Amino acid sequence: MAAAESSPLTTHVLNTADGVPAAKMALTLHRLDSKLMIWNMLSVGTTNKDGRCPGLISREAFTPGMYKLRFETGLYWESLGQTSFYPYVEVVFTITDPEQRFHLPLLMSRFSYSTYRGS
Amino acid sequence: MSAHRLQQLKGHILPEIKSTAMAGSLSPLTTHVLNTSMGVPGSNMALSLYRQDLPTNAWSLITTGTTNDDGRCPGLITKELFTSGVYKIRFESAQYWASIGQTSFYPYVEIVFTINDPGQKYHVPLLLSPFSYSTYRGS
């Protein structure tokens, strides 16, 4: 996986039900191949103790296009011995200017979630 | 042919329950779209409801619809068809923002959820702005 500081795309997962970062959540980053209309997986990671996952993508690989972050939220809640309404969360977003930084947090509980474009 | 394209074609061909939303008041599954950046309902937004088939894990299209003036879409599914399983609502959010002259960070929003007890009522709202969205299980 690419060196941490340089990922232009970052995420942060927060367990808003318990007021803690969501640690050890598996996630994957994909880019859409718009000719073939299929998703290519770019990286796999797991959130650290702070709910972050450095090194999602390198500057070189971060080209304009449609991306998807898939968070294995169902597995996360299961690991805490709980059920959840959502088996996973996928956030699909469009990058037109890859020179910028993009921060995509996920705030979630067992029965709700939200995301936004942050900094 | 890609899996996605095949799924799209399958959705058109299946004689099922497809097309426009079904008779209103009785849907055990409802949604409500709110445009939080303007403080108005998200009206005239296209959406579709899918159920995941087992064992193929392919998505079957159940209904397509468009939100009304109040951001709601009655008649998503009937009690009879609402069986346990994994469902997905796909909201054509970028088309919605484009129709009011704005761009958006998200080309669409898909919310995937598990129904274990189809005897209950499920309300899956979507609150959105061009750069954020949230959802919850409501009543």
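Two residues are in contact here when heavy atoms of each lie within 4.5 Å. Keep that in mind as we walk through this predicted model.

Let's start with Tyr136(B), which sits in strand S10 of chain B, covering residues 132–136. Setting aside its neighbours within four places in sequence, Tyr136(B) is in contact with Tyr86(A), Phe111(A) and Ser112(A), and also with His123(B), Val124(B), Pro125(B) and Leu127(B). Its relative accessible area is 35%, so Tyr136(B) counts as partly exposed.

UniProt, in an unreviewed entry, lists Tyr136(B) under "binding site", together with His32(B) and Arg72(B). Where is His32(B) found? You can spot His32(B) in the loop between strand S1 (29–30) and strand S2 (33–35) of chain B. His32(B) has a relative accessible area of 11%, so this residue is buried. Beyond its neighbours within four places in sequence, His32(B) is in contact with several residues, including Asp70(B), Arg72(B) and His123(B). Look closely at Asp70(B): its backbone oxygen lies 2.8 Å from a polar atom of the His32(B) side chain.

Now turn to the nonpolar residues. In soluble globular proteins, nonpolar side chains tend to be buried together. The largest nonpolar core in this model has 52 residues, and Phe93(A) and Phe113(B) touch the most other members. A second, separate core has six residues, among them Tyr88(A), Tyr50(B), Leu61(B) and Val112(B).

Which residues of chain A is Phe113(B) in contact with? They are Phe85(A), Tyr86(A) and Pro87(A). Tyr86(A) is also on the contact list of Tyr136(B). Within chain B, the contacts of Phe113(B) outside its neighbours within four places in sequence include Leu29(B), Tyr87(B) and Val124(B).

Methods: Residues numbered from 1 in each chain as written. Chains lettered and ligands numbered in written order. Predicted model: local features only at pLDDT ≥ 70, side-chain atom pairs only at ≥ 80, totals over all residues. Heavy atoms only, no water. Core = buried A, V, L, I, M, F, W, Y, C linked by side-chain atoms within 4.5 Å. Buried < 20%, exposed > 50% of the residue type's maximum accessible area, 1.4 Å probe, protein only. UniProt positions renumbered as here; feature names shortened; annotations may be inferred. Helix = DSSP H or I, 4+ residues; strand = E, 2+ residues; numbered from the N terminus. Polar contact = N/O pair within 3.5 Å; in protein donor to acceptor, adjacent residues only side chain to side chain.
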